[in-house]
Amino acid sequence: MEDAQVVGMLVRRCVAGDAVAWEEIVQRYNRRIYNICYRFAGSADDAQDLTQEVFIKMYRTLNSYDVERSAFMTWVTTITRNLLVDHFRKSKQDRVTDSIDAAPSEHEDATPLSDKIQDRTPTPDASAQSRETRETVHRALQKLSPDLREAVILRDLQDMDYREIATVLRVPEGTVKSRINRGRAELARLLQRTYRQVM
Amino acid sequence: MAGESKNGMQCLEFEALLNEALDESLKGQKLENFQTHAWTCAVCGPLLAEADAGRRWLKSLAEVEPPINLMDNILVATSGLHTSRRHATTGAPLSDSWFERAREWASGLVNPVFAVARQPRFAMSFGMAFFSLSIGLSMTGVKASDLRHADLRPSAIKRAYYESTGRVVKYYENIRFVYQIESRMREFKRATTPAEPAPEQNQQQNEQQNRERKNNNTSGQPEQPRQERNYSQGESQPVLAAAPDIPPVAMVTTYRRFV
Ligand SMILES: [Zn+2]
């Protein structure tokens with residue numbers, strides 16, 4: 001968890017023009033933002049572009065951040081999420097043609113699912129170590145509607161609590177919980193269907 | 001589903017407790033009712049199983065490593081500085097650390113080269129090379145101001161690469177086109193004007209000048225360029241008159257029109 005005081009001081013120093021403080025902020029958050037972008041957008045290139053855009057936006061609007069109003073992490077995640085929404089709108093057409101069996105992404109580096117699954121449907125736990133299976137899960141995640149995808153990413157991959165997610169998504173906590181449940185269940189159904197097709 | 005009640009719990013209530021149950025924060029009687037409902041309800045049982053499976057699938061996704069140049073790219077795109085992390089110990093100014101070290105490292109490597117390069121004749125060659133490079137860049141549409149605001153995102157770099165390649169190919173095609181037109185026009189002129197009157201027939205004073213020039217011409221070659229220039233200057237068509245004098249700048253105009 002972030003140390004609110006340290007981050008608050010970094011932000012103040014950064015707004016005052018301290019380049020080292022800005023570097024510290026980039027160092028602290030680039031990994032997290034990159035991961036959110038990668039899991040949402042699907043590709044490493046898009047994730048890199050989007051992460052840069054997030055930091056450019058942060059750099060320009062850092063003086064508007066109010067320490068009293070929200071945690072820095074929530075503010076950063078909100079900026080990230082808003083840019084992801086824009087990105088999704090722009091690349092909607094491309095996404096429609098996406099498939100779980102599409103080209104492998106950079107991080108999981110998998111071959112098509114149909115070449116991999118031979119004998120049995122892996123369970124989530126048994127397959128935790130498999131790079132190919134992670135790639136399949138990553139691709140299935142891209143098939144979820146953006147509302148459900150962002151909810152499960154923030155909860156299950158970023159470990160944010162329901163209240164923080166509700167702030168970022170600007171919806172009630174009940175809606176957040178419902179989207180998380182639906183997202184998880186939908187993902188499981190997609191993966192079940194995928195493995196059943198292959199077998 | 002919503003209104004159905006099994007073992008003292010409605011499906012709607014079950015769904016509301018689903019997150020807590022998966023977070024393992026559901027305790028006591030609530031947990032018991034929840035479990036009983038899951039075993040007996042044909043809708044909520046599978047929902048619990050799917051949500052649990054989905055959650056575990058997601059948890060199996062490991063955090064990915066950002067590209068190593070990401071942080072540098074971000075810093076360059078925002079504050080315009082590179083990272084000081086690898087070199088600076090505390091809050092030292094950003095620009096000193098990496099630049100000084102890079103210069104120290106590079107000096108051992110390039111000093112002998114610079115010693116040679118400082119000699120006037122090499123300096124002249126370097127100057128010409130730089131001049132040619134800058135002319136080349138400006139002719140292909142690259143401006144220094146464009147470079148300063150260059151977009152460093154990977155996808156933008158890829159795009160810029162393909163755009164530049166396209167421009168160079170178009171530029172080359174345009175130059176070839178201009179030269180082809182020029183040579184065709186020259187051939188056409190030669191073919192249509194076979195008997196050019198000799199200058200000495202009309203102008204006595206020119207005859208003497210020409211004789212003097214021929215004496216100075218040690219190459220032994222016919223004075224082709226002079227004939228061409230004369231031919232063009234006496235021509236009534238403005239296009240032909242301009243053709244041999246087209247400087248590179250005029251070709252850039254042609255290229256831009258095509259792009
Ligand atoms: Zn039920």
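Three cavities of 30 Å³ or more are counted in this predicted model, where a cavity is a set of points, on a 1 Å grid over the protein atoms alone, at which a 1.4 Å probe fits but cannot get out. The points are joined across faces, edges and corners, and a volume is the space filled by probe spheres set on them. Rolling a probe the size of a water molecule over the atoms shows where empty space is left.

The second largest cavity holds about 60 Å³ of space. Its lining, meaning residues with an atom within 4 Å of a point, consists of A:I36, A:F40, A:T77, A:R81, A:L84, A:E150, A:I153 and A:L154. Helices α2 (19-41), α4 (72-90) and α8 (146-157) of chain A are the elements that give two or more residues to this lining, helices being DSSP runs of H or I with at least four residues, and strands runs of E with at least two, numbered from the N terminus. By class the lining of the second largest cavity has five nonpolar, one polar and two charged residues; Ala, Val, Leu, Ile, Met, Phe, Trp, Tyr, Cys and Pro count as nonpolar, Asp, Glu, Lys and Arg as charged, and the others, Gly among them, as polar. At least three lining residues come from each of domain 1 (3-91) and domain 2 (113-198) of chain A, with bounds taken from an automatic or database domain assignment.

Chain A as a whole contains ten helices and zero strands. Of its 199 residues, 52% are buried, which here means under 20% relative accessible area, with exposed meaning over 50% and partly exposed in between (1.4 Å probe, protein chains only). Helix α9 (residues 162-169) of chain A has six of its eight residues buried, and it is therefore largely enclosed by the rest of the structure. The buried residues of α9(A) are A:Y162, A:E164, A:I165, A:A166, A:V168 and A:L169. After α9(A) comes A:R170, with a positive phi near 55°.

Helix α2 of chain A also contains A:Y29, which is buried at a relative accessible area of 2%. Between A:Y29 and A:T51 there are 9.8 Å from C-alpha to C-alpha, for a separation of 22 residues in sequence.

Two loop residues other than glycine with a positive phi are set out below.

| Residue | Loop | Phi | Relative accessible area |
|---|---|---|---|
| A:D159 | between α8 and α9 of chain A | about 55° | 55%, exposed |
| B:E24 | between α1 (11-22) and α2 (28-40) of chain B | near 60° | 66%, exposed |

In chain B, the zinc ion is coordinated by B:C11 (SG), B:H37 (NE2), B:C41 (SG) and B:C44 (SG) at 2.1 to 2.3 Å. Donors are N, O and S atoms within 2.8 Å of the metal (3.2 Å for Na, K and Ca), and since water is not among the atoms, sites may look incomplete. The angles subtended by the four donor atoms run from 99 to 113°, so the arrangement is tetrahedral, a term that requires all angles of four donors to lie between 85 and 135 degrees. The donor residues follow the spacing C-x25-H-x3-C-x2-C in sequence, and both B:H37 and B:C41 are buried.

Residues are numbered from 1 along each chain as its sequence is written, while chains are lettered from A and ligands numbered from 1 in the order in which they are written. Because the model is predicted, local features need pLDDT of at least 70 and side-chain atom pairs count only at pLDDT 80 or more, whereas totals for chains, interfaces and linings use all residues, and side-chain values use heavy atoms, with hydrogens and water left out.

Key: Four donors count as tetrahedral if all angles lie between 85 and 135 degrees; four count as square planar and six as octahedral if opposite donors are over 155 degrees apart and all others between 65 and 115; anything else is irregular. On a 1 Å grid over the protein atoms alone, a cavity is a set of points where a 1.4 Å probe fits but cannot get out, and a pocket is an open set with protein on both sides within 12 Å along at least five of seven lines; lining residues have an atom within 4 Å of a point.
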